[in-house]
Amino acid sequence: MSPRAGQAAGVTGATAPSTLAFVESPVQLLNVLEWAHAAATGPAGGLTVVVLSPNDPMTRGQLRRMAQLARDEGVEVRWEEARGGASAPFHTIGGLAGVLRRADRIVIGDPFSRYVQLLLTITRARSLVVVDDGTATMEFIAQLARGERLQRWHRKGGRPGPRDLVFAPVSASARRRLTPGGTRTVEVFSAMPIDSAPDGVTVSVNSFAWTRERFGPPRVSKGADLVGTSLVETGVVDPDRYLEAVRALARTHGATRYFAHRRESAEKLHRLAVETGLQVVRPDLPLELIARRGPIGRTILSFPSTVVHTLPLALAGTEVKVAVCDIDPSWLTETASPRAQGFLSGVTGTARDVHRLTSVRHPAPAWGVSTATG
């Protein structure tokens, strides 16, 4: 067996960490473990993961499970109640200032996070690593190459608000630190399709080798499972249109389970369960691990999201097929970013080893969905 993640990074226990990772989601922590595993033959140094805990209960639960997996791998985990009241950010940043300044390498999962951007202004590390926080990695690379301010894709197109303007100097400073130059190096460790990167940025491939070695192979059932998305919660897709599409996909492909995204609202999930008959499952770990552990359906249905890129990697060598359904333009809300349709189409179009489904249009008495190898 290959070295465990903590051993790969050379954890030294009581000594100051030479590598400090900041995560705010379960997927980020999973990808930090994948990076540490892949870097087993790279530069040695202690790895400490700092969890900047959010308030959302489901996310916190998944993070606690992931944190235990990281500890099992020999990684030191530091849990910070980073959002536990108005004074929490000041206490968190003050408590981290010392280790931030001593760290040789910083690993982050979300370069768009204001919390992370603020922490980047403190560090003196000359080596920065960005691991995936979903499809946002693709947008980060594109914005960095164009020299744009860092902004999430679903917010692009709107006018900056007062908070954006106040935070602009911090965001600009973070972007400069995420730009390689002189002795400063930047690596992007990603499962996303990144064909080109800004000059000086090193792109390393995340193949989910750690996940495949630690879990599975899964027991595969004959049916289909459907993966949820938070596009309704982010204001991109109309909730009624989304519900109709889920119902149509479930009927067409015989899906029985719906794996909820951690950001989906309880109200939407309750309505979905009542009106579609699907069993709503709230995973306690990232879906890549849930699917790898099994049982899982022979077909996994998804809308454009990170999993259309990551699940084929995590499930490599199994008979599970991933199918992605396009978002029809008519599903978008009036307030959706002008870039929404193009970005979501790009997520689908660049996915490898998936079947591509035509979008479900409304109204439609016959819910025909064709498949084609994508």
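Here's a quick look at two hollow spaces in this structure, which is a predicted model.

Let's start with the second largest pocket. Its volume comes to about 410 Å³, and 22 residues line it. If you want to find its centre, look for His-309, Pro-312, Leu-313, Arg-352 and Asp-353, the lining residues that lie nearest to that point. Three elements each give two or more residues to this lining: strand S7 (201-205), helix H12 (307-314) and strand S12 (321-325). Helix H12 gives the most, with three residues.

Now for the cavities. Searching the whole structure turns up two of 30 Å³ or more. The largest cavity holds about 50 Å³ of space. Which helix gives the largest share of the lining of the largest cavity? That's helix H2 (residues 26-38), with three residues. Val-27, Leu-30 and Asn-31 are among the residues that line this cavity. The lining also includes Asp-132, Gly-134, Ala-191 and Met-192, along with Asn-206, Phe-208, Glu-288, Thr-306 and Thr-310.

Here's how the two linings break down by class:

| Space | Nonpolar | Polar | Charged |
|---|---|---|---|
| Second largest pocket | 14 residues | five residues | three residues |
| Largest cavity | five residues | five residues | two residues |

So much for the table; a word on each row. In the pocket, the 14 nonpolar residues sit alongside five polar and three charged ones. In the largest cavity, nonpolar and polar residues number five each, and two charged residues complete the lining.

Terms used
Residues numbered from 1 in each chain as written. Predicted model: local features only at pLDDT ≥ 70, side-chain atom pairs only at ≥ 80, totals over all residues. Heavy atoms only, no water. 1 Å grid on protein atoms, 1.4 Å probe; cavity = no way out; pocket = protein on both sides within 12 Å on 5 of 7 lines; lining within 4 Å. Points joined across faces, edges and corners; volume = space filled by probe spheres on them. Helix = DSSP H or I, 4+ residues; strand = E, 2+ residues; numbered from the N terminus. Nonpolar A, V, L, I, M, F, W, Y, C, P; charged D, E, K, R; others polar.
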